[in-house]
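Student: I have a model open and would like to learn how to read its strands and its charged pairs. Where should I begin?

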Amino acid sequence: VLPQLIYRRALTDKVDLQAGLGPAFISLKQDVVGSFSVPAGTQNVNTGLVEESATATGVAASLDLTYKVGTNWGIGGFARYAGAKVDLDTSDKELNVGGMQAGAGIRLRF
């Protein structure tokens, strides 16, 4: 969940900028190897998987540029980051979760 406060501004008659900032609530769930064994006389590995989960609070930021092509539509691109640190039982250090995303597309205005 990434609630954000958004600031929007027209840079020119054709270009709009939108920036956002807020908290990032990130949930992590993954399977890790809890135990393993190799039966005598074989090369088979038997694993026991353990599911670990954690939630963390971090920061989220976004940036979006739109170039207006028509009255109610344009093209644009965005970049956003959401990240936090979690502490899992099977790890001896904090793990970074989240990351960067980017994309482009058509913008419609109603």
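Tutor: Begin with one pair of strands: β2 and β3 run antiparallel and are joined by 22 bridges. Bear in mind that this is a predicted model.

Student: What holds such strands side by side?

Tutor: In general, strands of a sheet pair through backbone hydrogen bonds, in a parallel or an antiparallel sense. Here you can follow one position of the β2 and β3 pairing, where Leu28 stands opposite Ala54 in β3.

Student: Which strand pairs with β1, and over how many bridges?

Tutor: β1 pairs with β2, residues 15-37, in the antiparallel sense over six bridges. One contact to look up is Leu5, whose bridge partner in β2 is Leu21. The two strands form a hairpin, with four residues between β1 and β2.

Student: How many bridges join β3 to β4?

Tutor: Ten bridges join β3, residues 46-68, to β4, residues 73-86, and the two run antiparallel. Tyr67 has Ile75 in β4 as its bridge partner.

Student: What is the strand order of the whole sheet?

Tutor: The sheet is open and has five strands in the order β1-β2-β3-β4-β5, with antiparallel pairing. β1 (5-10) and β5 (95-108) stand at the edges with a single partner strand each, so one side of each has no neighbour in the sheet. On average, neighbouring strands are turned by 25° against each other, direction ignored.

Student: Where do the side chains of a strand point?

Tutor: As a general rule, side chains in a regular strand alternate between the two faces of the sheet.

Student: And the loops? Where does Thr71 lie?

Tutor: Thr71 lies in the loop between β3 and β4.

Student: Is Thr71 buried or exposed?

Tutor: Thr71 has a relative accessible area of 78%, and the cut-off for exposed is over 50%, so Thr71 counts as exposed. Sequence distance and spatial distance should be read separately: Thr71 and Leu108 are 37 residues apart in sequence, and their C-alpha atoms are 9.4 Å apart in space.

Student: Now the charged pairs. How many salt bridges does a search of the whole structure find?

Tutor: The general idea is that side chains of opposite charge can pair when their charged atoms come close. A search of the whole structure finds four salt bridges.

Student: Which residues form salt bridges with Asp16?

Tutor: One of them is Arg8, with the closest N and O atoms 3.4 Å apart. Another is Arg109, whose side chain meets that of Asp16 at 2.8 Å, N to O. Asp16 lies in β2 and Arg109 in the segment after β5, so this pair ties together parts that are 93 residues apart in sequence.

Student: How accessible are Asp16, Arg8 and Arg109?

Tutor: Asp16 is buried, at 6% relative accessible area. Arg8 is partly exposed, at 46%, and Arg109 is also partly exposed, at 29%.

Student: Which residues are linked in a network of salt bridges?

Tutor: The network links Arg8, Asp16, Lys68 and Arg109.

Student: Which residue forms a salt bridge with Arg107?

Tutor: Asp64 does, and the closest N and O atoms are 2.9 Å apart. The pair links distant parts of the chain, with Arg107 in β5 and Asp64 in β3, 43 residues apart.

Student: Are Arg107 and Asp64 buried or exposed?

Tutor: Both Arg107 and Asp64 are buried.

Note on methods:
Residues numbered from 1 in each chain as written. Predicted model: local features only at pLDDT ≥ 70, side-chain atom pairs only at ≥ 80, totals over all residues. Heavy atoms only, no water. Pairing = 2+ DSSP bridges. Axes fitted to C-alpha atoms, helices over the stretch in contact; angles between N-to-C directions. Buried < 20%, exposed > 50% of the residue type's maximum accessible area, 1.4 Å probe, protein only.
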